[in-house]
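Let's take a walk through this one together, starting with its pockets and then moving on to its charged pairs. Have the viewer open and follow along.

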Amino acid sequence: MSEKTKSEEVDETLVDKEIQEEQKEQNEAEEVVEEQSAEEKLREELASEKDKFLRLFAEFENYKRRTSKERIELFKTAGQEVIVSLLPVMDDFDRAIKELAKSEDKEMFKGVELISNKFKETLKNKGLEEVGVKQGDKFDAEVHDAVTQIPAPSKKLKGKIVDVIEKGFKLGDKIIRHPKVVVGN
């Protein structure tokens, strides 16, 4: 019996050692899994933070682009109010030149014409352009401002501009005063 016991004890010791080794391997495997899961968590957090950073960076780039575009637009039309308020003065110059052309005082005509040309050049340098409209052009409601409609003097002028009452102007690409026209129907 003592031999059986010894062999049983040896067997039990071997089994215990095997169990301990298995447990040790399981513990090591669990530690590796825990290390991997901790590493995976860190990777996920890093990916999340990187994504947040990239989104924030893209948002900031869009903000910079939008504000610079708005700033450029503001500079283009910064003097719009002043220029719009000077348009009636330009109209008065045109009327004065028309009347002075009829008079006999050519020196006054030349003086007023020089001042008018200088005034127009100054506004042109600031970006003011005349909207080209003449009799016979097709009427466009987006560009022209129809003051009235009259029966067309000829069939060719139906739906077209019969007369231009007031010139139109644009500042850059934006129309700041639509030309006032008479349309034939």
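Helices and strands here are DSSP runs, with at least four residues for a helix and at least two for a strand, numbered from the N terminus. Keep in mind that this is a predicted model.

With those labels in hand, go to the largest pocket, which has a volume of about 250 Å³. Its lining is made up of Asp 91, Asp 94, Arg 95, Lys 98, Ile 165, Glu 166, Lys 167 and Arg 177. Two elements give two or more residues to that lining: helix H2 (80-102) and strand E3 (161-166). H2 has the largest share, with four residues. As for chemistry, the lining of the largest pocket holds seven charged residues, one nonpolar and no polar.

Now look at the second largest pocket, with about 150 Å³ of space. Among the residues that line it are Met 90, Asp 94, Lys 120, Lys 124, Glu 129, Lys 167 and Phe 169. H2 supplies at least two residues here, and so do helix H3 (106-125) and strand E1 (128-131). This time H3 gives the most, four residues. The class split for the second largest pocket is seven charged, four nonpolar and no polar.

What about those charges? Side chains of opposite charge can pair when their charged atoms come close. In this model the count comes to 13 salt bridges.

One to find is the pair Glu 166 and Arg 177, where the closest N and O atoms are 3.8 Å apart. Glu 166 lies in strand E3 and Arg 177 in strand E5 (residues 174-177), so this pair ties together parts that are 11 residues apart in sequence. Arg 177 counts as buried because its relative accessibility is 12%, under the 20% cut-off. The pair also belongs to a network of salt bridges that links Asp 91, Glu 166, Arg 177 and Lys 180. Asp 91, Glu 166 and Arg 177 are also on the lining list of the largest pocket.

Helix H1 (residues 2-76) offers another kind of pairing, with Glu 39 and Arg 43 sitting four residues apart, about one turn of the helix. Their side chains meet in a salt bridge at 2.8 Å, N to O. Glu 39 is partly exposed at 38% relative accessibility, while Arg 43 counts as exposed at 56%.

Further along H1, Glu 61 and Lys 64 are three residues apart, again about one turn. Their salt bridge has an N to O distance of 3.5 Å. Glu 61 is partly exposed, with a relative accessible area of 26%, and Lys 64 is partly exposed at 39%.

Notes: Residues are numbered from 1 along each chain as its sequence is written. This is a predicted model: local features need pLDDT of at least 70, side-chain atom pairs count only at pLDDT 80 or more; totals for chains, interfaces and linings use all residues. Side-chain values use heavy atoms; hydrogens and water are left out. On a 1 Å grid over the protein atoms alone, a cavity is a set of points where a 1.4 Å probe fits but cannot get out, and a pocket is an open set with protein on both sides within 12 Å along at least five of seven lines; lining residues have an atom within 4 Å of a point. Grid points are joined across faces, edges and corners, and a volume is the space filled by probe spheres set on the points. Ala, Val, Leu, Ile, Met, Phe, Trp, Tyr, Cys and Pro count as nonpolar, Asp, Glu, Lys and Arg as charged, and the others, Gly among them, as polar. A salt bridge is a side-chain nitrogen of Lys or Arg within 4 Å of a carboxyl oxygen of Asp or Glu. Buried means under 20% relative accessible area, exposed over 50%, partly exposed in between (1.4 Å probe, protein chains only).
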